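Q: I would like a close look at a single part of this predicted model. Please keep it brisk.

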Amino acid sequence: MPTPDLSSLLPTLTRIAESLERLAPPPTNPSILADPSVDAFLWQEALGTLCPVPHMRAQPLALLCGIESQKERVMANTRYFARGLEANNVMLWGARGMGKSSLVKASIAAVNAELRADSKAPLALIEIPRHELRSLPKLLALLRQSSRRFILFCDDLSFEEQDADYKSLKSVLDGGIAGRPDNVIIYATSNRRHLMPRRMIENESSDAINPSEAIEEKVSLSDRFGLWIGLYGASQNDYLAIIDAYAKERDLLIDKKDLHRRALQWAMTRGSRSGRVAIQFITALSAELSSH
């Protein structure tokens, strides 16, 4: 029987191999974490890789108005960590749209600007989706191989019934057998003070043999964040201060009284006053003024 000629199959086999590599790229090379030009990464559990974010979108701290004390506390903690000092894991919680995630990114960008001015290695922000928290041990094993300092960021963190992912986070926060690396801390944001809906805590209380222990198990996760920072709904003055800051930053040519009147009308249609509502108004107003 003649030997088959496999050379004709080579192009097809090459295409198959290349397709498989695209579907399952090689594990992240730790050297990518040392690139000082990259400030942020996205963790992809399914692929076990870190995806660099070339340009992290962060608002200047000066534009985050009405949360001065919160900014000071987050900046101080971030600076401590950047300098190799003891720092806390941080939970930012409170009203929606008040700049919780913006404050995290803005503080890291501001501290990194200071570090670069002193010719020091910048921090790296790694965003991890809530539904991928079970992969934290895999991610931490990768970060242990780097000398850089990392802030893991989980935005809009909350848990529902039958959701056991919180146990993975709790183990890392409290130091499991492997412990959290010294070069890693965790920042998280949530609309819920205890990360879980009230009905979930109440159900645990009513169904459990020992209600107090069941409740303690659920709410103890938030206790493991050393720094709790609340952001509350904006007053009218705070809302207008945010409007003024964005209008100045964008050089909008509009009378201040007219600006405030229209901004308040916009807030009434949205049913709330917040930084998110303010930037949405400014975006719409910028487009309107530019079209004239």
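Which residue just after α3 takes a positive phi? Take that helix closely, then go on to its surroundings.

A: The residue is S119, with a positive phi of about 60° just after α3. Bear in mind that the model is predicted.

Now the helix itself. α3 covers residues 100-117, which is 18 residues. At 1.5 Å a residue, α3 should span 26 Å. Its end C-alpha atoms are 26 Å apart, so the expected span and the model agree.

Next, its buried side. The buried residues of α3 are K100, S101, L103, V104, A106, S107, I108, V111, N112 and L115. An α-helix has 3.6 residues a turn, so residues three or four places apart point the same way. The buried residues of α3 pack against one helix and several strands: α2 (68-82), β3 (90-94), β4 (124-127), β5 (150-154), β6 (184-190) and β7 (227-231).

One residue of α2 deserves a look. K71 sits in helix α2. K71 has a relative accessible area of 11%. The cut-off for buried is under 20%, so K71 counts as buried. Leaving aside neighbours within four places in sequence, K71 is in contact with L61, A62, L64 and L103. L103 is among the buried residues of α3. L61 also offers its backbone oxygen, which lies 3.0 Å from a polar atom of the K71 side chain.

Terms used: Residues numbered from 1 in each chain as written. Predicted model: local features only at pLDDT ≥ 70, side-chain atom pairs only at ≥ 80, totals over all residues. Heavy atoms only, no water. Helix = DSSP H or I, 4+ residues; strand = E, 2+ residues; numbered from the N terminus. Expected span 1.5 Å × (residues − 1). Buried < 20%, exposed > 50% of the residue type's maximum accessible area, 1.4 Å probe, protein only. Contact = heavy atoms within 4.5 Å. Polar contact = N/O pair within 3.5 Å; in protein donor to acceptor, adjacent residues only side chain to side chain.
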